[in-house]
Amino acid sequence: MTDIQVYTIDEPYVKLDCGLGEAPYWEQSTNTLRFVDIIKQRVHVVQLDQGPSSHKILAELDVSIGTTADVKGNDEHFVFGGKHGYGFFHRKTGAYKYIHKYWTDDEVASGKEKLYRGNDGAVDSEGRFWVGTMNDPLVKAPTPTGTLFRFDPDGTLHRILEGVHIPNGISWTKDNRTMYFADSPTKTVWAYDFDATTGNISNKRPFFTVQDENGVPDGHALDEDGYMWCAVHGIGKVLRISPQGKLVAEIRVPTRCPTCPAFAGEDLYITSAADEEPEKFPESTKLHGSLFKIHVGVKGVRPNRFKWAGEVSV
């Protein structure tokens with residue numbers, strides 16, 4: 001096996017007790033990192049200029065938020081994929097408002113709104129917000145019955161994939177011709193041909209498969225050179241994968257359960273979750289649920305902003 005570069009993190013950037021820390025997102029204009037705790041239903045923020053002491057919980061919510069994105073031309077709100085659907089969140093007041101639910105009235109009546117929640121997501125080059133849904137583990141153990149949705153700027157909602165198990169990282173190559181999508185229990189990050197004009201995907205194929213039997217791919221981020229940095233939940237690593245799908249580097253994180261990386265300049269910030277087997281892995285629990293940071297010497301691809309054609313009032 002070819003030697004790979006190894007980075008090691010020994011301490012957290014911010015020591016936290018997130019149940020499921022997720023969706024780190026760098027607000028470049030304010031140099032703020034926000035992220036969520038899906039299980040404890042919180043939104044966290046850190047002012048990176050000020051450092052870890054600036055960490056605060058922006059909001060304690062009555063529903064979970066799984067993923068967020070900035071909105072083009074709007075600095076007061078961000079958009080989210082949450083428990084029941086897509087919505088807007090007011091950065092200062094902590095108020096939120098749904099703008100489109102995932103499920104039809106018949107599906108709500110059948111119990112889907114309770115059984116499922118939004119998980120990971122991302123915005124494509126045309127400002128469409130993709131969010132994957134899954135069984136809410138607080139209600140039912142995950143099964144391959146989730147859906148990958150695409151929410152367009154004109155307010156239309158499209159079901160792109162069915163039969164999803166645990167949807168995670170979504171991204172697009174620089175040439176905009178390939179979309180990556182991880183369905184964690186398959187242990188694989190999948191690649192699809194992507195049509196930026198229509199938003200359609202096709203030609204599913206494996207891009208990278210986690211070989212360690214204890215690990216599954218979680219969230220990921222792409223750097224400017226086209227390499228993927230993918231959190232592997234269960235083995236305490238973030239892997240750097242070449243555009244050809246080859247492992248070239250790994251970050252060793254001091255807990256088994258990293259969930260998602262995000263770039264802020266040349267630094268990578270990594271969220272994590274509580275270890276689900278604390279008695280078996282007591283060492284992992286010492287820093288689980290914390291936020292980590294490491295300098296990797298390459299910048300990330302700047303995330304796209306959601307383009308919303310309607311009004312925003314929260």
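Student: Which residue forms a salt bridge with Arg252, and how many Å apart are the closest N and O atoms?

Tutor: A salt bridge is a side-chain nitrogen of Lys or Arg within 4 Å of a carboxyl oxygen of Asp or Glu. Here Arg252 pairs with Glu250, and their closest N and O atoms are 2.7 Å apart. This is a predicted model, in which local features need pLDDT of at least 70 and side-chain atom pairs count only at pLDDT 80 or more, while totals for chains, interfaces and linings use all residues. Residues are numbered from 1 along each chain as its sequence is written, and side-chain values use heavy atoms, with hydrogens and water left out.

Student: Are Arg252 and Glu250 buried or partly exposed?

Tutor: Buried means under 20% relative accessible area, exposed over 50%, and partly exposed in between, with a 1.4 Å probe and protein chains only. Arg252 is partly exposed at 41%, whereas Glu250, at 5%, counts as buried.

Student: Which parts does the salt bridge between Asp275 and Arg256 tie together?

Tutor: Helices (H or I, at least four residues) and strands (E, at least two) are DSSP runs, numbered from the N terminus. The side chains of Asp275 and Arg256 meet at 2.8 Å, N to O. Asp275 lies in the loop between β23 and α3, and Arg256 in the loop between β21 and β22, so the pair ties together parts that are 19 residues apart in sequence. Both residues, Asp275 and Arg256, are buried.

Student: How many salt bridges does a search of the whole structure find?

Tutor: The search finds 24. Some share partners, and these join Glu27, Arg34, Asp70, Asp75, Arg91 and Arg305 into one network.
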